[in-house]
Amino acid sequence: MRRLIPNHVDLLRWALLGVAALVLVVFLLAQRQSVDVSYGQSPAPSTRIEEGAAGELSDATVPSTDEMTALVTADPVVRLPGAIAHWDEQRVREAIGDHDTRILVAPPGLDEAARKRVREVGNATVRVIGTEVSGGAYQAGADTLPGWRAQFATGDVTDQLVTLIARLRKVPAPPDRDDLRWREPSGPELAAVVADLRSDGLHVGAGATLSRVPEAAHTAFPDGAWYVVLPGQPYGEPLPRYGPALTRLAPDRPIVVMYGGWIEYHGPAATDFADLAGASFYTRFADRLSRYDYPQQNVLGAYLHQVTDIRYAGLFDRPLPYRPFDPLRVALPALPWIFAACVAAFLALSVRSLRRSLGGPGDPRRGGSPARLAGLTTLAVEVSLLTDARSNPALTRGIGKLQAARAALDEGLPEPHVRTLLDEAAAELDDTALVVGIASYRPDQYLQGRLS
């Protein structure tokens, strides 16, 4: 078999080094883009909004601190105009027991100055602003979907009050309870909702403040969804369960139902998606929703932004917006391996080239081209005494290559050219030894013994 001639090896060696350098440069430059390489870049905004910039402040106001202090002194439960919080009076009385516990209930949407006046009412054991419950150094808030649902759909703060009062009394708090009741919507109710949804995908109940579907709906549900928006529901009364009823009519349609400040999802992948969307949204925004009076337009828009973030995270089998193919993003993980392979091949070929030029341990051609030429010439002379008609042609060709190599050395031609001629002469002499049948005359063995 013919060996790869040395000048081609050198070309390949330097080409591999060039490829390795190029791959390294591309990889290093790409690192500046690596923070943007992900499953999807959500278009949902994340800008911080200052108080009052999102319509969360209402027209409600509260009396002075002294006036509220007088009211609380006269009555253990004071509800200021516009207050929306409600609770199970029996459960709260049982939590209070025979302690003197006074509750001040203020409306949502107060600015910082008004909230400060409420907090400074010193004789109020518990203060409720909107549905935010606090007292002493503590603040009680819901941390489960049923708790948030009761709080934002009906203004129910029973669990928060019971938990806070137990903490203030330093006694164990009873477990939370889900007392929210549901009912199936009546035929006329469902018919009116379905008619609106089939018309333009939106039903706004009497008393709700939403005017239109937020722009975020296009990225949250690009294939379209149905939206049912109702006002906050009366405390203690069953809520119409529109989600399951509409899902039975359109099982493949995403359905968003809003009761006051509570939003829930029904439809495809609802089992896991609805809980994740609800938990992630209210974990993030429950504190602000509890004390402010955000328009339903803003609340629904923020929820749809959260849905968009979840979809772009690729957690569910939902269709994602088109993303152009990016060769760099696909090839980037392979670049370090390509670089390592090129460097390893370059080093291997460099070692081989060095051993061929200088000779390494055990190399029968150690000593350089002149020594190898002398050894092969001696071999040709010795083996010529044993050749016959079958082996003479190979020997003749080998001697011709040796003469050409000697001439090249004398003329100072490049070393790779001389080595090529010697390789060809060695191959012909190897064929000669094989025909003659004497293994010790094969060039590798002969030179190993002569030059070592």
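These legends accompany several close-up views of a predicted model.

**View 1. The whole chain gives the setting for the close-ups, with 17 helices and 11 strands.** The protein has 452 residues, and 40% of them count as buried. How far apart in sequence are the partners in its contacts? Taking contacts between residues at least 6 apart in sequence, 72% join residues at least 24 apart. Keep this backdrop in mind as we move in on single helices, loops and helix pairs.

**View 2. Helix H10, residues 270–291, is shown along its length with its bend at Phe285.** H10 has 22 residues, and the distance from its first C-alpha to its last is 29 Å. That is close to the 32 Å expected at 1.5 Å a residue. By how many degrees does H10 bend at Phe285? The bend is about 60 degrees. Buried residues of H10 include Phe273, Ala274, Ala277, Gly278, Phe281 and Tyr282, and Ala286, Leu289, Ser290 and Arg291 are buried as well. Helical cover for the buried residues of H10 includes H4 (112–119), H5 (145–154) and H11 (296–312). Strands also take part in this cover, including S3 (126–129), S4 (132–135) and S11 (262–266).

**View 3. Ala279 sits in helix H10 and is drawn here with its partners from elsewhere in the sequence, Leu145 and Trp148.** Is Ala279 buried or partly exposed? Its relative accessibility is 26%, so Ala279 counts as partly exposed. Leaving aside neighbours within four places in sequence, Ala279 is in contact with Leu145 and Trp148. A useful distance to check in your viewer is the one from Ala279 to Thr144: the two C-alpha atoms are 7.5 Å apart, although 135 residues separate them in sequence.

**View 4. Ala269 lies in the loop between S11 and H10.** Ala269 is not a glycine, yet its phi is positive, at about 60 degrees. With a relative accessibility of 42%, Ala269 counts as partly exposed.

**View 5. Helix H6, residues 158–169, is followed by a loop that holds Lys170.** H6 has 12 residues, and its end C-alpha atoms are 16 Å apart, which agrees with the 16 Å it should span at 1.5 Å a residue. Which residues of H6 are buried? They are Thr158, Asp159, Gln160, Leu161, Val162, Leu164, Ile165 and Ala166. These buried residues pack against H3 (89–96), S3, S4, S5 (138–140) and H5. Just after H6 comes Lys170, with a positive phi of about 60 degrees, in a residue other than glycine. The loop that holds Lys170 runs between H6 and S6 (182–183). Lys170 is exposed, with a relative accessible area of 77%.

**View 6. Helix H15 (residues 392–410) is paired with helix H16 (residues 415–436).** The axes of H15 and H16 come within 8 Å and cross at roughly 160 degrees. That angle makes H15 roughly antiparallel to H16. On the H15 side, the contact residues include Ala394, Leu395, Gly398, Leu402, Ala405 and Leu409. On the H16 side, they include Val418, Leu421, Leu422, Ala425, Leu429 and Thr432. Charged side chains to pick out in this contact include Arg397 and Lys401 of H15 and Glu424, Glu428 and Asp431 of H16. H15 passes H16 in a left-handed crossing.

**View 7. Helix H14 (residues 369–384) packs with H16.** Their axes are 11 Å apart, at an angle of about 25 degrees. H14 and H16 are therefore roughly parallel to each other, and H14 passes H16 in a left-handed crossing. In H14, Ser369, Arg372, Leu373, Leu376, Leu379, Ala380 and Val383 take part. The residues they meet in H16 include Glu415, Val418, Arg419, Leu422, Asp423, Ala426 and Leu429.

**View 8. H14 is shown again, now with H15 as its partner.** Are H14 and H15 roughly parallel or roughly antiparallel to each other? Their axes come within 10 Å and cross at roughly 150 degrees. H14 and H15 are therefore roughly antiparallel to each other. The contact involves H14 residues including Pro370, Leu373, Leu376, Thr377, Ala380 and Val383. From H15 come Leu395, Ile399, Leu402, Ala405, Arg406 and Leu409. H14 passes H15 in a left-handed crossing.

Note on methods. Residues are numbered from 1 along each chain as its sequence is written. This is a predicted model: local features need pLDDT of at least 70, side-chain atom pairs count only at pLDDT 80 or more; totals for chains, interfaces and linings use all residues. Side-chain values use heavy atoms; hydrogens and water are left out. Helices (H or I, at least four residues) and strands (E, at least two) are DSSP runs, numbered from the N terminus. The expected span of a helix is 1.5 Å times one less than its number of residues. The bend at a residue is the angle between axes fitted to the seven residues ending there and the seven starting there. Buried means under 20% relative accessible area, exposed over 50%, partly exposed in between (1.4 Å probe, protein chains only). Contact means heavy atoms within 4.5 Å. Axes are lines fitted to C-alpha atoms, for helices over the stretch in contact, and angles run from 0 to 180 degrees between N-to-C directions. Angles under 35 degrees count as roughly parallel, over 145 as roughly antiparallel, 65 to 115 as roughly perpendicular and the rest as oblique. A crossing is left-handed if the near helix is turned anticlockwise from the far one by less than a right angle, and right-handed if clockwise.
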